[in-house]
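This report describes selected local features of a protein model. The reader is invited to follow it with the sequence and the coordinates at hand.

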Amino acid sequence: MTYARARLGWGTLAVCGVLVAGCTGGGDGGKPAASGVVVASPDPAGSPVQPMAEADAALQPTTGEQARKVVAKLIAGPGDFGAEVSKSVPYENDPRTWSVLGGSCVWNREPLPDDVLASLTRHFEVPPTAGKGRVRLSATVTLHRTALDAAWEQSRMMEEALDCDEQVLRKGERLIKLIPQPSRQGEAANLYSEDSLMEAGECVSEVHGGPYPYWWQQVTYGSAVISTSVCGGRGYDENALMKIVSEALPAMELRARGEMGFQPKGKAGESSSGGPSSGAPSPGGAASPSAGKEGK
């Protein structure tokens with residue numbers, strides 16, 4: 001965990017660039033991150049953690065059929081990224097599979113494990129134009145059996161990010177110089193998500209070129225794990241890419257709150273009926289997490 005905490009600026013970039021509410025960039029309040037991008041520093045006076053609708057265990061899907069319907073409601077479409085974004089071909093991955101990072105840091109798609117009810121990844125792009133190359137994006141929503149299963153996926157993803165700072169998406173496509181940064185709600189300017197994990201680095205492709213800036217961010221809400229990614233193209237700097245990807249993740253999280261959440265009335269960590277707000281781990285939970293990374 002020391003490796004991630006030493007690069008706190010990346011977490012601030014993720015929240016201020018992707019979960020944009022309450023953030024400002026540049027100016028006297030900013031500081032340079034490892035990539036040279038200016039990111040916002042937390043307000044020295046301290047900003048209170050914003051109230052959010054807690055996930056209600058009673059509203060989490062319990063069957064694959066229910067989960068697939070919820071995933072379809074939550075997952076981003078091209079309009080969540082912007083008017084210039086269109087569907088890629090292929091557009092969606094097989095919903096009966098998810099991405100698994102192997103021991104050699106190579107991504108593969110495998111059948112869903114027992115603790116996952118549904119998972120869907122969609123792929124998008126900003127088509128090349130005069131002087132600019134193709135930008136590739138993705139969005140993923142995975143629904144687990146319980147909120148604790150979702151938390152375990154987030155934890156395993158952090159371990160994998162530390163072990164594999166270079167990853168192979170597929171033949172001829174790689175992610176390099178990856179830097180992970182986790183932040184719980186209230187940490188690293190994360191005021192809006194239960195748990196956020198971000199990776200920043202570069203993407204390289206034999207077809208599309210590079211290296212180009214790359215970001216991936218994943219958040220949890222109840223039993224849902226939600227992520228977006230962006231792989232840059234020729235002619236796009238970090239700020240331009242962040243503008244393209246900035247709205248889709250909070251849009252999906254807000255939908256999850258509306259679909260599976262409630263406004264707490266009792267003590268923290270309790271539902272309106274007094275019970276716990278997250279489920280227990282499902283038996284036989286899988287050891288390999290999914291990831292909505294670009295290209296998977």
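The sections below treat disulfides, aromatic pairs, a helix contact and backbone geometry in turn.

## Basis of the description

The structure is a predicted model. The features reported here should be read on that footing.

## Disulfide bonds

A disulfide is a covalent bond between the sulfur atoms of two cysteines. A search of the whole structure finds 2 of them. With the bonded cysteines counted along the chain, the pattern of pairing is 1-2, 3-4.

One disulfide joins C105 to C164, with an S to S distance of 2.0 Å. The torsion about its S-S bond is -75 degrees, and the link of C105 and C164 is left-handed. C105 belongs to the loop between strand 5 and strand 6, while C164 belongs to the loop between helix 5 (147-163) and strand 9 (167-170), so this disulfide ties together parts that are 59 residues apart in sequence. C105 and C164 are both buried.

The other cysteine pair, C203 and C231, also has its sulfur atoms 2.0 Å apart. Here the torsion about the S-S bond is about 95 degrees, so the disulfide of C203 and C231 is right-handed. C203 is placed in strand 11 (residues 195-205) and C231 in strand 13 (residues 224-231), so the bond ties together parts that are 28 residues apart in sequence. Both C203 and C231 are buried.

## Aromatic pairs

A pair of aromatic rings is described by the distance of the centres and the angle of the planes. The structure holds 2 such pairs. In the pair formed by F81 and F124, the ring centres are 4.9 Å apart and the planes stand at 45 degrees, an arrangement classed as tilted. This pair links distant parts of the chain, with F81 in helix 4 (residues 78-81) and F124 in strand 7 (residues 116-126), 43 residues apart. Both F81 and F124 are buried.

F124 also pairs with Y91; in this case the geometry is edge-to-face, with 5.6 Å from centre to centre and 80 degrees between the planes. Again distant parts of the chain are linked: Y91 lies in strand 4 and F124 in strand 7, 33 residues apart. Y91 is buried, as is F124. Through these ring pairs, F81, Y91 and F124 are joined into a cluster.

## Contact of helix 3 with helix 7

Two packed helices are described by the angle between their axes and the distance between the axes. For helix 3 (residues 64-74) and helix 7 (residues 248-260), the axes come within 9 Å and cross at roughly 135 degrees. The two helices are therefore oblique to each other.

On the side of helix 3, the contact is made by V70, K73 and L74. Helix 7 contributes M252, R255, A256, E259 and M260. By residue class, this contact of helix 3 with helix 7 comprises 5 nonpolar and 3 charged residues, and no polar ones.

## Cis peptide bonds

Two peptide bonds that lead into proline call for separate mention. V89 and P90 are joined by a cis peptide bond, with omega about 0 degrees. P90 is part of strand 4 (residues 86-92), the strand in which Y91 of the aromatic cluster also lies.

The peptide bond from G210 to P211 is likewise cis, its omega being near 10 degrees. P211 is located in strand 12 (residues 209-221).

## Positive phi outside glycine

Which phi does C105 adopt, although it is not a glycine? The value is positive, about 65 degrees. C105 lies in the loop between strand 5 (97-101) and strand 6 (107-111). Its relative accessible area is 14%, and C105 is buried. This cysteine is also the disulfide partner of C164.

K177 is not a glycine either, yet its phi is positive at about 55 degrees. K177 is found in strand 10 (residues 173-184). With 56% relative accessibility, K177 counts as exposed. Thus C105 is buried, whereas K177 is exposed.

Terms used
Residues are numbered from 1 along each chain as its sequence is written. This is a predicted model: local features need pLDDT of at least 70, side-chain atom pairs count only at pLDDT 80 or more; totals for chains, interfaces and linings use all residues. Side-chain values use heavy atoms; hydrogens and water are left out. Axes are lines fitted to C-alpha atoms, for helices over the stretch in contact, and angles run from 0 to 180 degrees between N-to-C directions. Helices (H or I, at least four residues) and strands (E, at least two) are DSSP runs, numbered from the N terminus. Angles under 35 degrees count as roughly parallel, over 145 as roughly antiparallel, 65 to 115 as roughly perpendicular and the rest as oblique. Contact means heavy atoms within 4.5 Å. Ala, Val, Leu, Ile, Met, Phe, Trp, Tyr, Cys and Pro count as nonpolar, Asp, Glu, Lys and Arg as charged, and the others, Gly among them, as polar. Buried means under 20% relative accessible area, exposed over 50%, partly exposed in between (1.4 Å probe, protein chains only). A disulfide is a pair of cysteine sulfur atoms within 2.5 Å. Rings of Phe, Tyr and Trp (its six-membered ring) pair if their centres lie within 6.5 Å; planes under 30 degrees apart count as stacked, over 60 as edge-to-face and the rest as tilted.
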